[in-house]
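Please look at the salt bridges in the structure shown here, and work through the questions that follow.

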Amino acid sequence: MQVKDLMSSHLITVDREETVAAAARLLSRHNVGALPVTNGGRLVGMLTDRDIAVRCVAANFDPNLTRVRSVMSAGAVTVPAEESGVRAAKTMGKHQVRRLPVTQDGRLVGMLSQSDLALGSEQSEELSRAFRDVFGASPSDLR
């Protein structure tokens, strides 16, 4: 099973020049924990709810004035759309991330989450084994 068969193609992104407060509203509105950060449409990093809590709020920065670029995690790890779900799970484990931006021909085309892999593992025993090996849990533990 390939990443393109597992990923969500509904992309919510945030520009690096946007305020952290606006990004937080996007996270809330779309019920997601991370946003790909773009600059002129090019992926430049990821912003997580944890980035906002630790790098902005706990650091006493004003989220209405602070730009996403100041608190994002630069240099996002990505996965190609044609990659296998098993290799994507291993990439998540290696980099200790729960979400991966998915690229095709250098463009951002989707997001792959740990829960996407868990759902896909219901259809693939190989992916289910990889999920248990990488995350130390059964895919059903996420439900």
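A salt bridge is counted here when a side-chain nitrogen of Lys or Arg lies within 4 Å of a carboxyl oxygen of Asp or Glu. The model is predicted, so that local features need pLDDT of at least 70 and side-chain atom pairs count only at pLDDT 80 or more, while totals for chains, interfaces and linings use all residues. Residues are numbered from 1 along each chain as its sequence is written, and side-chain values use heavy atoms, with hydrogens and water left out.

Q: How far apart, N to O, are the side chains of Glu-17 and Arg-69 in their salt bridge?
A: The two side chains meet in a salt bridge. This pair links distant parts of the chain, 52 residues apart, with Glu-17 in the loop between β1 (14-15) and α2 (20-30) and Arg-69 in the loop between α3 (49-57) and β4 (73-74); helices (H or I, at least four residues) and strands (E, at least two) are DSSP runs numbered from the N terminus. The N to O value is 2.4 Å.

Q: Is Arg-69 buried, partly exposed or exposed?
A: Buried means under 20% relative accessible area and exposed over 50%, with partly exposed in between (1.4 Å probe, protein chains only). Because Arg-69 has a relative accessible area of 38%, Arg-69 is partly exposed.

Q: Which helix holds both Glu-125 and Arg-129?
A: Glu-125 forms a salt bridge with Arg-129, the closest N and O atoms being 3.9 Å apart. The two residues are 4 apart, about one turn of the helix, and both lie in α6 (residues 125-135).
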